[in-house]
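Colleague: Thanks for making time for this. Could we go through the model together, one element after another?

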Amino acid sequence: MDGSQKDKLRGIISSTIIFECSLKKYTSFSIGGPAECLILLDKKDELQPLLRLCSLENLPWHVIGRGTNVLVKDEGFAGVIIVLGKEFKEIHPGETRDGKKRSLMAGAGHSLTRLSALCSDYGFSGLEFGAGIPGTLGGSLVMNAGAWGGEMGQIVTEVTIETAAKKIQVTGEQLDFGYRHWQGFAKYKGQGVVTGATLLLESGAPEEIATTCRVLLKKRKESQPVHFPNAGSFFKNPAGDSAGRLIDSCGLKGMRVGGAMVSTVHGNFIVNRDHATARDVLKLMDKIKKTVKESKGIDLEPEVHFI
Ligand code: EPU
């Protein structure tokens, strides 16, 4: 990125811009080299000008959310990393026209954990599974995040996507979600940013919803690592089986490469045990894949996205 491009960015963005920004602080893995530029984008009306500028100047960009499901390479990212801030955290609780269901319009920058807590305050049921999922609403839609039998695709009715040129409301058949995947988003990849969504929820008793959230959080804390930085489940579950169970039954828990380790709590978590590099994680990933393939005949596919 040259000086004139930096000036142009400063000219259109009023919030924080950090050049040569280490991404360790912005990922739950605490791993990764520097981004040429990181923007904490607070203002909604600056997103489209930013996307237009990136397109004109051929600057790659990526929305990182809360950095919870990503592994950033040690070389870093030659482009603009966008974190959606203040104005992407609006929230409008409501109900359907017939008054039978509850609806929640929310900005993409909210964490799912926070949204799930707000839902229990409002007496809105359906997002309890999100308690403890640290990622943003936007990220959770793009990858159809889920837990305990619930997933985003079951409750979303409309998604707002903004590109350099327009704002699109995506509904109906285009909301075609699969396991940890939103097919319909593929055509916007690299061009569009999820900026908000509407969720369709049931009415419920706040106390009961809060209790369910507490129970699920407790289960999560008991079965998943909480003491070391990680990126959540590392691999997708293969059809009909569990990546964690497979990795565990291959005896790989506790295996280390450099500072990266297969969690001793849950086999499908790679943890940053001690100043791990992305290279450590990738080497460990390859070893896990190779062992599981050789002993179980199954190809594990990463759930974590690489930047
Ligand atoms: N298991 C083992 N050993 C292990 C880990 C798991 O034997 O080391 C067994 C468990 O005993 C259980 C089975 O494998 O019988 C499944 O494990 P678990 O209940 O922990 O669920 P999971 O399939 O590993 C999925 C999601 C999690 C989500 C949990 C709870 C994926 C890849 N992972 O995990 O999502 O929290 O269910 O619903 O779908 C995430 O996506 O980042 C994530 C954490």
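**A walk through the predicted model**

Modeller: Happy to! In this predicted model, asparagine 58 comes after helix H2 and has a positive phi, near 55°.

Colleague: Which residues of helix H2 are buried?

Modeller: Helix H2 covers residues 47-56, and a residue is called buried under 20% relative accessible area. By that cut-off the buried ones are Leu47, Gln48, Leu50, Leu51, Leu53 and Cys54.

Colleague: And which residues of H2 does leucine 41 touch, among its contacts?

Modeller: Leaving aside residues up to four places away in sequence, leucine 41 touches Ile13, Ser15 and Ile82, among others. Leu41 also belongs to the residues with the most contacts inside the largest nonpolar core, which has 47 residues. Its contacts include Leu47 and Leu50.

Colleague: How many residues has the other core?

Modeller: That core lies apart from the largest one. Ile247, Leu252, Val262 and Val292 are among its members, and its count is 24 residues.

Colleague: Now the open sheet of four strands: why is one side of S1 and of S3 left without a neighbour?

Modeller: The strand order is S1-S2-S5-S3, with mixed pairing. S1 (17-22) and S3 (61-63) therefore stand at the edges, and the reason for the free side is that each has a single partner strand.

Colleague: In which sense do S3 and S5 pair, and which residue stands opposite histidine 62?

Modeller: S3 and S5 (residues 77-84) are joined over three bridges, and the sense is parallel. Opposite histidine 62, in S5, stands isoleucine 81.

Colleague: What angle does helix H1 make with S1?

Modeller: Helix H1 (residues 3-12) packs on the sheet, touching S1, S2 and S5. Between its direction and that of S1 the angle is about 125°.

Definitions and conventions:
Residues numbered from 1 in each chain as written. Predicted model: local features only at pLDDT ≥ 70, side-chain atom pairs only at ≥ 80, totals over all residues. Heavy atoms only, no water. Core = buried A, V, L, I, M, F, W, Y, C linked by side-chain atoms within 4.5 Å. Buried < 20%, exposed > 50% of the residue type's maximum accessible area, 1.4 Å probe, protein only. Contact = heavy atoms within 4.5 Å. Pairing = 2+ DSSP bridges. Helix = DSSP H or I, 4+ residues; strand = E, 2+ residues; numbered from the N terminus. Axes fitted to C-alpha atoms, helices over the stretch in contact; angles between N-to-C directions.
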